[in-house]
Structure formats: C-alpha cells, structure tokens
Amino acid sequence: MSEQDRVRWDTRHAMSAADPESGLPPVFAPFESAFPDTGTALDLACGRGGGSVWLARRGLQVWGIDVSAVAIAQARAAAVGAGVAARCRFDVVDLDDGLPAGPPVDVIFCHRFRDARLDRALVDRLAPGGLLAISVLSEVGSSPGPYRARPGELTAAFADLEVIAAGEGDGEAWLLGRRR
C-alpha cells in the first residue's frame, strides 16, 4: 500500500470515534451460531477492532491486522476496555505484501476489505473445518468501482469452501464458508 493510502487510513481512523465498530456485521448475525467459541482467528483489515473483540468475547484467540497504526492502537484499547486483551494480538501489517505467515486458524474474519490476490492464501490458511466470514463492497445494488466485488465474485473465488450462506445486494457482498 502506498504511504499516501496509509496516511489516509490513519487520518480516517484518527477522526473516527475511538469506540470499535460493531462486532458482527449484520449480514452474519443470523449465522452467529456457526462461529466457534474456541480456537484461533485472524481478523484481516481489523480497523478499530470491533470484529476482533467480538471473536475474543466468544472465546477465541485473535490476531487482528491492519495497515493503520492508528486503528491498531484503537483496537488494542478496545480489547483492554472489553476485558479481552489477553486473547487479542494486534499488529500493523500491509496486506499488499501478502498474508503474513502463521499457523492454520479456525476463523478468518474480513469485513470491508477485498484483495483477490489473497483468495488462495485465505483458503489455505483455514484449518480443516475452519470458517471464512467475508463481507465486501459490491457492485450489486451500487455502482461499479475498483474496490467493489463484481456479481458472483465471492462465490466463484471461494468455490472450494462449503458455502453456509452468501448474498449480494445494497452494495454489499458476503460469504460464510467452511473449509472441507
């Protein structure tokens, strides 16, 4: 990611409330029981840590990564405030360099971030039976754009997974899938 992009995200997070975003995106709320309550999770582009804190409250050990140092500081504070800091680790990572090395995880959580170059790495990083929860901006119900998924893009990209649920509309595409 360019330094200009990093500064833009730092500025955006610095101007946002210090409170984390809501933990579980509404599209996944009906499937909350599909998320495990033990194991490990990787939260990609974790922002201010809402998803990480939600996963840690469920009982998972969570590694949240984001390009913004400001967001990571806010995520750490959110985990402390929620009493789950011992189950959370947060690091500044530029995903343009690829998915960082690490062991297989039980959950990969990704809200409002999409980089198709990481698709294979995401599937490979899931432990057998692991869950991918991804929601991204979409062209469906919105206008095309460089960061919006095309119709059917997520289901095609993650065809190797057993799809639990997926949807597109109102400018959002999402998929909940399990590694076979």
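A residue counts as buried when its relative accessible area is under 20%. In this predicted model, R114 comes in at 17% relative accessible area and therefore falls on the buried side of that cut-off. R114 is a handy place to start, as this residue turns up both among the salt bridges and in the lining of the largest cavity.

The structure holds 10 salt bridges in total. One of them pairs the side chains of R114 and D119, with N and O 2.5 Å apart. D119, at 10% relative accessible area, is buried because that value is under 20%. R114 has a further salt-bridge partner in E153, where the closest N and O atoms are 2.9 Å apart. E153 sits in helix α5 (residues 153-157) while R114 belongs to the loop between β4 (105-111) and α4 (119-125), so this pair ties together parts of the chain 39 residues apart in sequence. With a relative accessibility of 14%, E153 is buried too.

Another salt bridge links D124 and R120, and here the closest N and O atoms lie 3.1 Å apart. This one stays within a single helix: both residues are in α4, 4 residues apart, which is about one turn of the helix. Neither D124 nor R120 gets under the 20% cut-off for burial, so both are partly exposed, D124 at 44% relative accessible area and R120 at 43%. Back at R114, salt bridges with shared partners connect R114, D119, R150 and E153 into one network.

Next comes the empty space inside the model. Rolling a probe the size of a water molecule over the atoms shows where such space is left. Searching the whole structure turns up 1 cavity of 30 Å³ or more, and the volume of the largest cavity is about 40 Å³. Its lining is made of L44, C110, F113, R114, D115, L118, D119, L122 and I134. By class, that lining splits into 6 nonpolar and 3 charged residues, with no polar ones. Both partners of the 2.5 Å salt bridge, R114 and D119, are thus found in the cavity lining as well.

The strands offer a second theme. Strand β2 (residues 61-66) and strand β3 (residues 88-92) run parallel and are joined by 5 bridges. Within this pairing, V62 is set opposite C88 of β3. Helix α3 (residues 69-81) goes together with β2 and β3 to form a β-α-β unit, and the unit is right-handed.

Strand β2 also matters for the description of the second largest pocket, where β2 provides the largest share of the lining, 3 residues. This pocket has a volume of about 150 Å³. Its lining consists of T40, A41, Q61, V62, W63, R89, A101, G102, P103, V105 and R125. Strands β1 (40-44) and β2 each contribute at least two of the lining residues. V62, the residue opposite C88, is one of the residues on the pocket wall. Sorted by class, the lining of the second largest pocket comprises 6 nonpolar, 3 polar and 2 charged residues.

Conventions. Residues are numbered from 1 along each chain as its sequence is written. This is a predicted model: local features need pLDDT of at least 70, side-chain atom pairs count only at pLDDT 80 or more; totals for chains, interfaces and linings use all residues. Side-chain values use heavy atoms; hydrogens and water are left out. On a 1 Å grid over the protein atoms alone, a cavity is a set of points where a 1.4 Å probe fits but cannot get out, and a pocket is an open set with protein on both sides within 12 Å along at least five of seven lines; lining residues have an atom within 4 Å of a point. Grid points are joined across faces, edges and corners, and a volume is the space filled by probe spheres set on the points. Ala, Val, Leu, Ile, Met, Phe, Trp, Tyr, Cys and Pro count as nonpolar, Asp, Glu, Lys and Arg as charged, and the others, Gly among them, as polar. A salt bridge is a side-chain nitrogen of Lys or Arg within 4 Å of a carboxyl oxygen of Asp or Glu. Buried means under 20% relative accessible area, exposed over 50%, partly exposed in between (1.4 Å probe, protein chains only). Two strands pair if DSSP finds at least two bridges between them. A crossover is right-handed if, with the strands pointing away from the viewer, the path from the first strand over the helix to the second runs clockwise.
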